[in-house]
Amino acid sequence: MSESPSPVDHPVAEPFFQAAAEGRLVVQHCNSCDALRWPPLSGCPECRSRDTTWVEVAPAGTIWSFVVYHRAFSRSLKDQIPYTVAMVQLDEGPYLVGRLVEGKKPPKVGDRVDAEFLEVGGVSTVRWRIA
């Protein structure tokens with residue numbers, strides 16, 4: 001079985017993972033229409049421009065939705081079930097999906113969350129913790 005390529009090496013997503021390794025949260029910014037977006041794309045879905053930069057955003061947002069996995073999405077997550085994945089609306093607008101760190105109380109839609117940066121399997125990534 002072949003290994004999946006690392007997302008860090010993907011030319012469109014690489015700046016996100018570099019920033020996460022530095023403890024910063026970044027999203028793409030369209031220089032033509034000012035739209036912010038995640039996930040990164042080679043062109044803007046709003047105006048089709050390819051003129052893009054990366055901008056730092058506040059590492060905070062609100063849970064828009066979440067799901068608790070009772071079956072592992074991949075083999076590497078099997079020993080972590082059940083685990084929670086949340087879709088978070090960043091304060092600047094874009095939505096970002098990520099694991100939610102278990103807290104003292106169960107999550108609910110509308111909870112405020114803060115980003116935490118960590119390395120998993122050699123890839124720097126973002127997890128969310130209820131604020």
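**Figure 1. Helix 1 packs across three strands of the predicted model.** Helix 1 (residues 14-21) lies across strand 6, strand 7 (112-120) and strand 8 (123-130). The angle between helix 1 and strand 8 is about 65 degrees. The coordinates shown here and in the following views belong to a predicted model. Two of the strands beneath this view, strand 6 and strand 8, pair in the parallel sense over two bridges. Within this pairing, Arg99 stands opposite Arg127 in strand 8.

**Figure 2. Five strands close into a barrel.** The strand order in the closed barrel is 4-5-6-8-7, and the pairing is mixed. From one strand to the next, the twist averages 45 degrees. The antiparallel sense is represented by strand 5 and strand 6, and the parallel sense by strand 6 and strand 8. In general, strands of a sheet pair through backbone hydrogen bonds, either parallel or antiparallel. For residues 54-117, an unreviewed UniProt entry lists the domain "ChsH2 C-terminal OB-fold". Over residues 54-117 the model is 53% strand and 0% helix. The C-alpha atoms at the two ends of residues 54-117 are 18 Å apart.

**Figure 3. Strand 5 and strand 6 form a hairpin.** Strand 5 (residues 83-90) runs antiparallel to strand 6 (residues 95-100), and six bridges join them. Four residues separate the two strands of this hairpin. Gly93, in the turn, has a positive phi of about 120 degrees. Two residue pairs mark the register: Val88 stands opposite Leu96 in strand 6, and Val85 stands opposite Arg99 in strand 6. Arg99 also stands opposite Arg127 in strand 8.

**Figure 4. Thr84 occupies a buried position in strand 5.** Thr84 belongs to strand 5. Its relative accessibility is 3%, so Thr84 counts as buried. The side chain of Thr84 makes a polar contact of 3.2 Å with the side chain of Glu102. Beyond residues up to four places away in sequence, Thr84 touches Phe66, Val67, Val68, Gly98, Arg99, Leu100, Glu102 and Pro107. Of these neighbours, Arg99 is the residue that stands opposite Val85.

**Figure 5. Strand 1 is enclosed and pairs with strand 2 and strand 3.** Six of the six residues of strand 1 are buried, so strand 1 is largely enclosed by the rest of the structure. Strand 1 runs antiparallel to strand 3, with six bridges between them. In this pairing, Leu25 has Val57 of strand 3 as its bridge partner. Strand 1 is also antiparallel to strand 2 (residues 36-37), to which two bridges join it. Here His29 stands opposite Leu36 in strand 2. Strand 1 and strand 2 form a hairpin with five residues between them. Asp34, in the turn of this hairpin, has a positive phi of about 70 degrees.

**Figure 6. Arg24 takes part in a network of salt bridges.** The network links Glu22, Arg24 and Glu56. Between Arg24 and Glu56 the N to O distance is 3.3 Å. This pair links distant parts of the chain, 32 residues apart: Arg24 lies in the loop between helix 1 and strand 1 (25-30), and Glu56 in strand 3 (residues 52-57). Arg24 is partly exposed, with a relative accessible area of 29%, whereas Glu56 is exposed, at 52%. Across the whole structure, a search finds five salt bridges.

**Figure 7. Two further salt bridges involve residues of strand 7.** The closest N and O atoms of Asp91 and Arg112 are 2.7 Å apart in a salt bridge. Asp91 lies in the loop between strand 5 and strand 6 and Arg112 in strand 7, so the pair ties together parts 21 residues apart in sequence. Asp91 is partly exposed, with a relative accessible area of 44%, and Arg112 is partly exposed, at 37%. The side chains of Arg129 and Glu116 meet in a salt bridge with an N to O distance of 2.3 Å. Because Arg129 lies in strand 8 and Glu116 in strand 7, this pair ties together parts 13 residues apart in sequence. Arg129 is partly exposed at 35% relative accessibility, and Glu116 is partly exposed with a relative accessible area of 26%.

Technical notes:
Residues are numbered from 1 along each chain as its sequence is written. This is a predicted model: local features need pLDDT of at least 70, side-chain atom pairs count only at pLDDT 80 or more; totals for chains, interfaces and linings use all residues. Side-chain values use heavy atoms; hydrogens and water are left out. UniProt positions are given in the numbering used here, feature names are shortened, and annotations may be inferred rather than shown by experiment. Two strands pair if DSSP finds at least two bridges between them. Axes are lines fitted to C-alpha atoms, for helices over the stretch in contact, and angles run from 0 to 180 degrees between N-to-C directions. Contact means heavy atoms within 4.5 Å. Buried means under 20% relative accessible area, exposed over 50%, partly exposed in between (1.4 Å probe, protein chains only). A polar contact is a pair of N or O atoms within 3.5 Å; within protein, one must be able to donate a hydrogen and the other to accept it, and residues adjacent in sequence count only if both atoms are side-chain atoms. A salt bridge is a side-chain nitrogen of Lys or Arg within 4 Å of a carboxyl oxygen of Asp or Glu.
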